[in-house]
Amino acid sequence: MERIGLIAGNGQLPFLFARAARARGLEVVAVAHRGETDPALASEVALLTWVRVGQVDRIQKAFREAGVKQAAMAGGIGRVRALKEARPDLGAVRIISRLRTFRDDALLRAVAADFEARGVTIIAPTDFLGEVLCPEGHLAGPKLHPAQEKDVALGREVAVLLGQADVGQTVVVYNGHVLALEAVEGTDETIRRGGKLNGKGGAVVVKRCKPQQDLRFDLPAVGPRTLDVMKEVGAKVLALEVGRTVLLDAPALFAGAESAGITIVGVP
């Protein structure tokens with residue numbers, strides 16, 4: 001049976017990828033990150049190797065021994081954890097030594113190039129999961145009112161600038177004011193911070209790719225947990241980039257939004 005590699009981070013995307021690959025008749029060889037990847041992934045794959053963030057040579061060895069020629073990166077790695085707990089090996093040092101900048105996009109491209117130089121082509125997880133990408137239009141919850149439409153437009157504009165700086169993917173807006181921009185803390189904490197600044201509730205959350213983003217890595221993703229965080233702070237709109245945002249468990253996401261009165265829209 002042909003094998004495919006999975007470099008697994010946190011969240012549900014590694015599970016979705018593994019199931020989709022198996023449905024295509026592929027055997028999945030996964031490498032999971034300690035403290036990030038759900039251990040239950042072991043039941044979804046043929047082989048599972050545990051590593052710490054930064055152990056590039058160990059990942060490449062696992063794939064080489066398993067005969068893997070293609071692999072996908074699926075699931076995130078918490079930036080705070082990566083900063084505090086990374087254990088870079090000689091492979092990581094080899095990659096880092098060639099970089100002029102440590103921004104996410106440059107680093108991930110360099111990682112992919114190093115894997116490909118050693119016989120493993122890095123593919124986009126959405127090559128197997130096109131059905132989980134956000135469609136266009138009104139997806140759940142109440143229709144947007146004019147003030148919310150203006151906030152969505154502002155959030156999109158700011159998110160593009162944020163992405164051009166290779167900083168983050170999430171912007172929180174309310175009534176024409178930008179409340180929070182994503183940095184190393186991640187989407188959930190950005191929403192919490194922005195929502196708390198808007199004590200009345202009603203914030204608009206906009207999430208989109210960086211303009212220069214390589215679609216093999218770190219696509220924006222939302223799921224029921226995103227809604228839980230929005231409910232904590234009374235945020236009322238989630239605006240997502242069409243075709244470039246992953247919807248984790250879309251049926252539960254849309255049902256939860258309807259129940260909570262939260263609007264979800266797909267925007268270009």
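**Asking how we know**

Author: Let's start in the loop between β12 (246-247) and α9 (250-260), where Asp 249 is found. This is a predicted model, so to speak of a local feature we need pLDDT of at least 70, and side-chain atom pairs count only at pLDDT 80 or more, while totals for chains, interfaces and linings use all residues. Residues are numbered from 1 along each chain as its sequence is written, and side-chain values use heavy atoms, with hydrogens and water left out.

Reader: What makes a stretch a helix or a strand?

Author: Both are DSSP runs: a helix is H or I over at least four residues, a strand is E over at least two, and numbering goes from the N terminus. By that rule the protein has nine helices and 13 strands.

Reader: And why is the protein called as compact as a globular protein of its length?

Author: Its radius of gyration is 19 Å, and the globule rule gives 18 Å for 268 residues; those are close, so the label fits. The radius is taken over C-alpha atoms, and the rule is 2.2 Å times the number of residues to the power 0.38.

Reader: Back to Asp 249: why is it called partly exposed?

Author: Buried means under 20% relative accessible area, exposed means over 50%, and partly exposed is in between (1.4 Å probe, protein chains only). Asp 249 comes out at 44%, so it is partly exposed.

Reader: What makes the phi of Asp 249 worth a remark?

Author: Phi is near 55° there, a positive value in a residue other than glycine. Asp 166 also has a phi near 55°, again positive and again not in a glycine.

Reader: Where does Asp 166 lie, and why is it called buried?

Author: Look in the loop between α6 (146-164) and β7 (170-174). Its relative accessible area is 10%, so Asp 166 counts as buried.

Reader: How do you know that Asp 214 is buried?

Author: Same test: Asp 214 has a relative accessible area of 11%, so buried is the right word. You'll find Asp 214 in the loop between β9 (204-207) and β10 (221-222).

Reader: Which residues is Asp 214 in contact with?

Author: Contact means heavy atoms within 4.5 Å. Leaving aside neighbours within four places in sequence, Asp 214 touches Asp 105 and Arg 109 in that sense.

Reader: How many of the protein's residues are buried?

Author: Buried residues make up 49% of the 268.
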